[in-house]
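Visitor: Hello! Could you walk me through this structure, one question at a time?

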Amino acid sequence: MIYIKSIEDINNLRIGGKISANIMNNALKMVVPGVSTFEINEKIEKLMKKEGVVPWFKEIDNYPYATCISVNEAWIHGMPSKYKLKHGDIVSIDLGVKYGKYYIDHCWTVVATNSHSDNPMLDLNHDDSDIAKFLKVGVESLEKAISNFVEGLRVGDISSTMQQTVENAGYSVVREYTGHGVGIKAHEDPLIACYGTKGAGELLKNGMVFAIEVMYAIGNSKIVVGNDGWTVSTKDKKISGMFEHTVALTENGPEILTI
Ligand code: MF3
Ligand code: CO
Ligand code: CO
């Protein structure tokens, strides 16, 4: 069953989404050489406390941290660790805040560097490297996917757009994990895969709120799960990225809440 959110629900998710965006912005600025992913997680936990939100990841199967931080070939569900970032590492920070009873889900990927701008989510624009191109395609895929989150289209329109953008650039999407409805619960119906068929799947309606997630890799899509039981990495050890926004479908179209 897909929950349709009320105006009040969406108002609350909007507030929580802004808090998530602020925390993300601060966290991404910490993605600098020499800092451990554990330290980034600690800082995020502190910011959540300060903002009066709760890390809901800890509600999932005894997961012990507020965030998943996935470096280079680690694709998703990376556990914060003592590993100190090196210049050029590709780092995804996935964080989930609960504002009151409302769940928000948000992930972004940046390169570890000493020279982040004030808004690291927009840092890619002046860089022609292969890695910058890879990350730009991820952002573009997310944006195009979100532009298909409109009344009358279907979940498959979101998924297939995401897939095409990634594959047209020569990259691959993950098969085993998906985006999802979000808001009242952390993971709601429907599943929103990173691949799909135009015109297929559930009909999109105003009041739906989705965590739309692009999970993609520069090589092929085979995965391995690490010994910690959580970290999902690319089998070919090539780099991967993940971009996720919580998005509400309102009368005015898709509204990105985590921005
Ligand atoms: N945030 C992840 C998602 O995008 C889920 C993390 S669950 C956890 O759906 F247990 F790993 F934290
Ligand atoms: Co997430
Ligand atoms: Co999610």
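Visitor: Which spacing do the donors of the cobalt ion (ligand 3) follow along the chain?

Guide: Happy to start there; a word on the ground rules comes with it. This is a predicted model, where local features need pLDDT of at least 70 and side-chain atom pairs count only at pLDDT 80 or more, while totals for chains, interfaces and linings use all residues. Residues are numbered from 1 along each chain as its sequence is written, chains are lettered from A and ligands numbered from 1 in the order in which they are written, and side-chain values use heavy atoms, leaving out hydrogens and water. Donors are N, O and S atoms within 2.8 Å of the metal (3.2 Å for Na, K and Ca), and sites may look incomplete because water is not among the atoms; for the cobalt ion (ligand 3) the donor spacing is D-x74-H-x32-E-x30-E.

Visitor: Which residues are the protein donors of the cobalt ion (ligand 3)?

Guide: Look for protein atoms lying 1.9 to 2.1 Å from the cobalt ion (ligand 3). They belong to Asp105 (OD), His180 (NE2), Glu213 (OE) and Glu244 (OE).

Visitor: Which residue coordinates both cobalt ions, ligand 2 and ligand 3?

Guide: The cobalt ion (ligand 2) is coordinated by Asp94 through two OD entries, Asp105 (OD) and Glu244 (OE), at 2.1 to 2.6 Å. The two cobalt ions are 3.3 Å apart. The residue that coordinates both is Asp105.

Visitor: Why is the arrangement around the cobalt ion (ligand 2) irregular or regular?

Guide: Four donors count as tetrahedral if all angles lie between 85 and 135 degrees; four count as square planar and six as octahedral if opposite donors are over 155 degrees apart and all others between 65 and 115; anything else is irregular. Around the cobalt ion (ligand 2), the 6 donor atoms subtend angles of 54 to 172°, so the arrangement is irregular.

Visitor: How many residues apart are Asp94 and Glu244?

Guide: Along the chain, the donors of the cobalt ion (ligand 2) have the spacing D-x10-D-x138-E. Asp94 sits in strand E4 (residues 90-99) and Glu244 in strand E12 (residues 240-250), so this pair links distant parts of the chain. Helices (H or I, at least four residues) and strands (E, at least two) are DSSP runs, numbered from the N terminus. The separation of Asp94 and Glu244 is 150 residues.

Visitor: Is Glu244 buried or exposed?

Guide: Buried means under 20% relative accessible area, exposed over 50%, and partly exposed in between (1.4 Å probe, protein chains only). Asp94, at 8%, is buried. Glu244 has 0% relative accessibility, so Glu244 counts as buried.

Visitor: And Glu143, buried or exposed?

Guide: Glu143 lies in helix H3 (residues 130-147). Its relative accessible area is 52%, so Glu143 is exposed.

Visitor: Which side chain has a polar atom 2.9 Å from an oxygen atom of ligand 1?

Guide: Counting residues with a heavy atom within 4 Å, 13 surround ligand 1, and Phe57, Asp94, Asp105, His187 and Glu213 are the closest. Polar side-chain atoms of Asp94 and of Asp105 each lie 3.0 Å from a nitrogen atom of ligand 1. The side chain with a polar atom 2.9 Å from an oxygen atom is that of His187.

Visitor: What percentage of ligand 1 does the protein bury?

Guide: Accessible areas come from the Shrake-Rupley method with a 1.4 Å probe; for residues, only the protein chains shown count as cover. Taken alone, ligand 1 exposes 330 Å², and the share that the protein buries is 95%.

How values were computed. A polar contact is a pair of N or O atoms within 3.5 Å; within protein, one must be able to donate a hydrogen and the other to accept it, and residues adjacent in sequence count only if both atoms are side-chain atoms.
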